Amino acid sequence: VCFQPGHTACSCTAYPFQLRSSTTIMSTSAEKRVAETLTATEDAAPMPTSTVITKQFADMSWPESSLLIPHEPLRMYFARFNKITEAGIDSKWKASLFFQNFETFYQVVHHHHDAEEKVFFPFLQTKANMPEKCQAQHADLMKQLDEVLAFKAKFEALTPDDKSFGELSGELNTLFSKLRTDMEAHLAEEERIVPAILAEHFTKAEHDAMVDTIIKSAGLTGNKVFLPMILWSMERWGGTRAMAEFLPMLPAPIKLMNHMWWTPAHLSNFEANMLAMERNEEPTGSAQCSVM
């Protein structure tokens, strides 16, 4: 995506992107709103949303912070989606943006569960007993995610002035609220169990090698959709110190693609959509160009 002023449809990759400190003039009003929101939260003290790990990053052990890297973006975005469903999906444009973003988020949750089941949990089980219920809960959560996604076709069938928006929106909110509650409970349970296992049985070097396996197993598709969310949330729960420790773990090609394409695209598409729904402001147009 090109963010340079006047570059409305090109493959320029010169944008000097930074997550929060981006003050470069952006090319669309949606992108400007994203920049304003990121800047407005810059001075907030970084704290996790976890109900289990409730300390600042500087006071966390590495087993605690490790689990928050994938968990915090899930929790933060589930909360934001839920606030949107609580406010109501009362128009065609909002329904379109909601499910456009939710389809992306669905991929993120799937990739996370896949990484746990194929890499993380087997890694833990080489030296400790991992409760089976942690993995077993994934199937029910994905079933609920599928049920939310099924509402896309229901909303698409409505006409712009259909009086069924309110009823359908209420049904979606009831379902999504339960999904969020169940997901938060699942994440909290893992956060009560896993850090102790890591601390007792594994070294940080062993853990870091496992994380490298997860990053590689996600492939370009998995990293493209999840990494920008990880970094977006990390600044909010861990601040610059957490970022400084995490970024060196990423392979150079992944860092480059994220810096040049993935995170800029995340801000101009996913984040712009979220803000439009949260502010109930229908987008008037877009000046985006897709790359990678």
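A residue counts as buried when its relative accessible area is under 20%, as exposed when that area is over 50%, and as partly exposed in between. The legends below use these words for a predicted model.

**Figure 1. The whole protein chain is built from helices.** The predicted model has nine helices and zero strands in the protein chain. Read from the N terminus, the order of elements is α-α-α-α-α-α-α-α-α. The protein chain has 292 residues, and 50% of them count as buried. About 13200 Å² of the protein chain is exposed, and 55% of this area comes from carbon and sulfur atoms. Among contacts with a separation of 6 or more, 78% join residues that are 24 or more positions apart.

**Figure 2. Asn101 is a buried residue of helix 3.** Asn101 lies in helix 3. Its relative accessible area is 2%, and because the cut-off for buried is under 20%, Asn101 counts as buried. Which residues touch Asn101, apart from its neighbours within four places in sequence? The contacts of Asn101 are Phe81, Phe270, Asn273, Met274 and Met277. Phe81 is one of the residues through which helix 2 meets helix 9. Phe270, Met274 and Met277 are among the residues on the helix 9 side of that meeting.

**Figure 3. Helix 3 packs against helix 4.** Helix 3 covers residues 92-125 and helix 4 covers residues 132-149. Their axes are 11 Å apart, and the packing angle is about 165°. Helix 3 is therefore roughly antiparallel to helix 4, since an angle over 145 degrees is placed in that class. The two helices cross in a left-handed way. On the helix 3 side, the residues that meet helix 4 are Phe99, Phe102, Glu103, Tyr106, Val109, His110, His113, Glu116, Glu117 and Phe121. On the helix 4 side, they are Cys134, Gln135, His138, Leu141, Met142, Leu145, Asp146, Val148 and Leu149. By class, eleven residues of this contact are nonpolar, four are polar and four are charged.

**Figure 4. Helix 2 crosses helix 9.** Helix 2 runs over residues 62-87, and helix 9 over residues 252-278. How do the axes of helix 2 and helix 9 cross, at what angle and within what distance? The axes come within 9 Å of each other and cross at roughly 40°. This angle makes helix 2 oblique to helix 9. The crossing of helix 2 and helix 9 is left-handed. Helix 2 contributes Tyr77, Arg80, Phe81 and Ile84. Helix 9 contributes His266, Phe270, Glu271, Met274, Leu275, Met277 and Glu278. The residues of this contact are divided into seven nonpolar, one polar and three charged.

**Figure 5. Ile84 is in contact with Glu278.** Ile84 is found in helix 2. With a relative accessible area of 3%, Ile84 is buried. Ile84 and Glu278 are 194 residues apart in sequence, yet their C-alpha atoms are 6.1 Å apart in space. Leaving out neighbours within four places in sequence, Ile84 touches Ile89, Phe98, Met274, Met277 and Glu278. Met274 and Met277 are also among the contacts of Asn101.

**Figure 6. Phe78 is a buried residue of helix 2.** Phe78 sits in helix 2. Is Phe78 buried or exposed? Phe78 is buried, with a relative accessible area of 1%. Beyond its neighbours within four places in sequence, Phe78 is in contact with Phe105, Val109, Leu145, Phe176, Leu179, Arg180 and Met183. Val109 and Leu145 also belong to the meeting of helix 3 with helix 4. Phe176 is 98 residues away from Phe78 in sequence, and the C-alpha atoms of the two residues are 8.8 Å apart.

**Figure 7. Gly166 is exposed and Asn280 is partly exposed.** Gly166 belongs to helix 6, which covers residues 165-201. Gly166 is exposed, with a relative accessible area of 52%. Measuring from C-alpha to C-alpha, Gly166 and Ser91 are 9.5 Å apart in space, while 75 residues separate them in sequence. Asn280 lies in the segment after helix 9. Asn280 has a relative accessibility of 46% and so counts as partly exposed. Although Asn280 is not a glycine, its phi is positive, at about 55°.

Key
Residues are numbered from 1 along each chain as its sequence is written. This is a predicted model: local features need pLDDT of at least 70, side-chain atom pairs count only at pLDDT 80 or more; totals for chains, interfaces and linings use all residues. Side-chain values use heavy atoms; hydrogens and water are left out. Helices (H or I, at least four residues) and strands (E, at least two) are DSSP runs, numbered from the N terminus. Buried means under 20% relative accessible area, exposed over 50%, partly exposed in between (1.4 Å probe, protein chains only). Contact means heavy atoms within 4.5 Å. Accessible areas come from the Shrake-Rupley method with a 1.4 Å probe; for residues, only the protein chains shown count as cover. Axes are lines fitted to C-alpha atoms, for helices over the stretch in contact, and angles run from 0 to 180 degrees between N-to-C directions. Angles under 35 degrees count as roughly parallel, over 145 as roughly antiparallel, 65 to 115 as roughly perpendicular and the rest as oblique. A crossing is left-handed if the near helix is turned anticlockwise from the far one by less than a right angle, and right-handed if clockwise. Ala, Val, Leu, Ile, Met, Phe, Trp, Tyr, Cys and Pro count as nonpolar, Asp, Glu, Lys and Arg as charged, and the others, Gly among them, as polar.
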